[in-house]
Amino acid sequence: MEVTDIALIAGLGNPGAQYAETRHNAGWWFLDRLVSRFQFELNPEKRFKGYFGEFRWEGKRIRVIAPSVFMNRSGQAVAPCAAYYRIDPRRILVVHDELDLDPGDARLKVGGGHGGHNGLRDIGIRLGSLDFLRLRIGIGHPSSSDQVTGYVLSRPPTAQRVLIDRAIDKAMDTLFLVLSGEMERAMHLLHTKDGTALQQE
């Protein structure tokens, strides 16, 4: 599957102050960094059931959506936004927490299944396609599967949060490649453990 340049970025999380610092909101943490980097605002948009904004990069307009519905209904925000602006799923970047990656790791993935992630599942259903790009922010995995819900809905200890923030910083540093559709190069830089390849660019 070929991914072109990105036109819509969606960061996933749960609404409400009680969830703001929980692991499941790593996608919103990324959007916080994005807003700071590109100096724009996310404002409530009823049409899309989320917080919406946009910024310009190299003459292109990049739309951004943070669903204000719960995680398992994320598609109720992403799909209407994509439809309104006629954005193909292959031009959407979805940023989300990832149990299968350790804190400090971030990975880009093109298409694929939802891997049990309720946000991705709903987006895929409502878009009618799972052919969107994902930025997976590692949060680690609890010792047993029956602890997953409590784990993702709890705050990470400080040491883990520092690692997650570092991964988000590294992802931000590769975003210019993602926005240009240079996915292979972005993956190479982001997936380099020590970051030396990124520093040499």
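Let's start with a pair of charged residues: Arg 61 and Glu 54 form a salt bridge, and their closest N and O atoms sit 3.3 Å apart. Keep in mind that this is a predicted model. Across the whole structure, a search turns up 14 salt bridges, and a few of them are picked out below, along with a look at Asn 25.

**Glu 54 and its arginine partners**

- Glu 54 also has a salt bridge with Arg 63, with 3.4 Å from N to O.
- Glu 54 itself is partly exposed, at a relative accessible area of 31%.
- Arg 61 is partly exposed too, because its relative accessible area is 37%, and that category covers values between 20% and 50%.
- How accessible is Arg 63, and does that make it buried or exposed? Arg 63 has 16% relative accessibility, so it counts as buried; the cut-off for buried is under 20%.

**A bridge between distant parts of the chain**

- Lys 60 pairs up with Asp 5 in a salt bridge, where the closest N and O atoms are 3.5 Å apart.
- Which parts of the chain does this pair link? Lys 60 belongs to strand β4, which covers residues 60-67, while Asp 5 lies in the segment before β1, so these distant parts are joined by residues that are 55 apart in the chain.
- Lys 60 is partly exposed, with 25% as its relative accessible area.
- Asp 5 has a relative accessibility of 21%, so it counts as partly exposed; the buried label needs a value under 20%.

**A salt-bridge network**

- Some charged residues link up in a network rather than a lone pair: Glu 21, Arg 33, Arg 161, Asp 165 and Asp 169 are connected by salt bridges.

**A closer look at Asn 25**

- You'll find Asn 25 in the loop that runs between β1 (8-11) and α1 (26-38).
- Is Asn 25 buried or exposed? Its relative accessible area is 0%, so Asn 25 is buried.
- The Asn 25 side chain reaches the backbone oxygen of Tyr 19, at a distance of 3.4 Å.
- Which residues does Asn 25 touch, if you skip its neighbours within four places in sequence? Asn 25 is in contact with Leu 12, Gly 13, Asn 14, Tyr 19 and Ala 20.
- Tyr 19 therefore turns up twice for Asn 25: as a contact and, through its backbone oxygen, as a partner of the buried side chain.

Conventions. Residues are numbered from 1 along each chain as its sequence is written. This is a predicted model: local features need pLDDT of at least 70, side-chain atom pairs count only at pLDDT 80 or more; totals for chains, interfaces and linings use all residues. Side-chain values use heavy atoms; hydrogens and water are left out. Helices (H or I, at least four residues) and strands (E, at least two) are DSSP runs, numbered from the N terminus. Buried means under 20% relative accessible area, exposed over 50%, partly exposed in between (1.4 Å probe, protein chains only). A polar contact is a pair of N or O atoms within 3.5 Å; within protein, one must be able to donate a hydrogen and the other to accept it, and residues adjacent in sequence count only if both atoms are side-chain atoms. Contact means heavy atoms within 4.5 Å. A salt bridge is a side-chain nitrogen of Lys or Arg within 4 Å of a carboxyl oxygen of Asp or Glu.
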